[in-house]
Amino acid sequence: MAKHHAFRTDIKGLISLFSQLSGQGYSQIGPLVRDGAIMLGEIQSFDDLAQGYTDEQAQGHYRIKPIPNKGLFQYAVGPQSFKQYLHPPRRKLWSTNGTNQNFTVETGDKPQKMVFWGVRSCDLEAIKILDRVFLEGAFVNKWYQQAREQLLIIAASCPLPSANCFCTSTHTGPKPESGFDLGVHEISGNNGIYYLIETGSQKGEKLIKKLQLQWASAEELESMERMIEKAASSMKKRFEPTEAAELLKKTLEHKYWDEVGNRCLSCANCTMVCPTCFCTSTEDITDITGEHSERWLRWDSCFNGDFSYIQGGKVRGSTPARYRQWMTHKLSYWYHQFGTSGCVGCGRCVTWCPVGIDITEGLEELAR
Ligand code: SF4
Ligand code: SF4
């Protein structure tokens, strides 16, 4: 980051930013505490944001706990990612009313003008992957495109990655580098918490101008660099993505797939929490008169038996086959399709797997 591009503020600057965005008609989405987790939701007031919490994550384990530090970003990613606002779990594509002779067709709802608060660098990179999938292929997803065009992103660096994070391996964090309008760094100083803000777009620059903030000092910028280095060095899970991609191509018949497949419940949790999984199915429904019908798009998963059903049967009938499909697609074949890995190192699939299956351990086992 160019040093002269960071501004300094205390929490009041962020509160003013929130008010400014409310006045511009944005629906503001951010992390809040719900159901014993850091979830995402619409924040009506700045106080709704999760504040004074950290989290504890391990394989198949997640807990939040209050901490004396009243920071806004002292936890790693929760179970939900911002994917659900750009690519909703369930969305009406269209509905029809009437009879064969006379009917009308209506398309589903349009996306709202949104701002995302506190997008961590892994999730920011995941949005770039979704951009490739939905905007840069042969078919453009118009709903996603509209949502993206109206979106404002306030990113946040991670002071405290979880034990399951491995963004240093996937080269996707812990500092947001690009793809945001504003990037916020929360620093715990001797005199309390302060924030350094960098701009990443013209929209971001306009917003910052109105806040009339001071430049950050050289010491404050150094504190930020130290905080990022400390976060990066705290991550213990490691692998090299391009080596992993090659390794997986050579180990398709390894006995590991049967071992892990016997533990896997095929519950699809890992794909639901993953910020880059994008597979869907469509379902059609109609009322009893047949005069009203709807088509819905909904998330699906390669772990669901029917997902690979084609006429005559399922292509991947067993759990080991489904697990292998998921991991090899995500970490290897994704390169052929989209030019990158499909994994951004957020660790969610490890935390939210009910039997604690860990893809980084799988790679270690295959490498051995
Ligand atoms: S595969 Fe796991 S660690 Fe990688 S992006 Fe998906 S949920 Fe995160
Ligand atoms: S790997 Fe874990 S989360 Fe994924 S389907 Fe299997 S049991 Fe469920």
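# Exercises on a predicted model

Just after helix 11, Gly 339 adopts a positive phi of about 80°. The structure is a predicted model, and the exercises below start from this helix.

## Exercise 1. Helix 11 and its surroundings

Determine where helix 11 bends, which of its residues are buried, and what covers them.

**Solution.**

1. Trace the helix along residues 319-338; its axis turns by about 55° at His 329.
2. Apply the burial criterion, which requires 20 or more other C-beta atoms within 10 Å of a residue's own. The residues of helix 11 that count as buried are Arg 322, Tyr 323, Arg 324, Trp 326, Met 327, Lys 330, Leu 331, Ser 332 and Trp 334.
3. Identify the cover over these buried residues: it includes helix 8 (241-250), helix 9 (256-263), helix 10 (269-273) and helix 13 (359-367).

## Exercise 2. The open sheet

State the strand order of the open sheet, and explain why one side of strand 3 and of strand 12 has no neighbour in the sheet.

**Solution.**

1. Arrange the 8 strands: the order is 3-2-8-9-10-11-1-12, with mixed pairing.
2. Examine the edges, where strand 3 (37-42) and strand 12 (214-215) stand; each has a single partner strand, and therefore one side of each lacks a neighbour in the sheet.
3. Turn to strand 10 (residues 182-189) and strand 11 (residues 192-199): they run antiparallel and are joined by 8 bridges.
4. Locate one facing pair: Val 184 lies opposite Ile 197 in strand 11.

## Exercise 3. The shell of ligand 2

List the residues that surround ligand 2 and sort them by class.

**Solution.**

1. Collect the surrounding residues: Cys 264, Leu 265, Ser 266, Cys 267, Ala 268, Asn 269, Cys 270, Phe 303, Cys 353, Pro 354, Val 355 and Ile 357.
2. Sort this shell by class, which gives 10 nonpolar, 2 polar and no charged residues.

## Exercise 4. The contact between the domains

Describe how domain 1 and domain 2 are placed, and which elements of domain 1 touch domain 2.

**Solution.**

1. Divide the protein into domain 1 (3-233) and domain 2 (241-367). Their centres, taken over C-alpha atoms, are 25 Å apart.
2. Count the contact residues: 38 come from domain 1 and 33 from domain 2.
3. Find the elements that give two or more residues to the side of domain 1 that touches domain 2: strand 5 (61-66), strand 6 (90-98), helix 3 (121-135) and helix 5 (167-170).
4. Rank the contributions to this side of domain 1: strand 6 gives the most, with 9 residues.
5. Classify the residues on the side of domain 1 that touches domain 2: 14 are nonpolar, 17 polar and 7 charged.

Methods: Residues numbered from 1 in each chain as written. Chains lettered and ligands numbered in written order. Predicted model: local features only at pLDDT ≥ 70, side-chain atom pairs only at ≥ 80, totals over all residues. Bend = angle between axes of the 7 residues up to and from the residue. Helix = DSSP H or I, 4+ residues; strand = E, 2+ residues; numbered from the N terminus. Buried ≥ 20, exposed ≤ 12 C-beta atoms within 10 Å, placed from the backbone. Contact = placed C-beta atoms within 7 Å. Pairing = 2+ DSSP bridges. Near = placed C-beta within 6 Å. Nonpolar A, V, L, I, M, F, W, Y, C, P; charged D, E, K, R; others polar. Domains from an automatic or database assignment.
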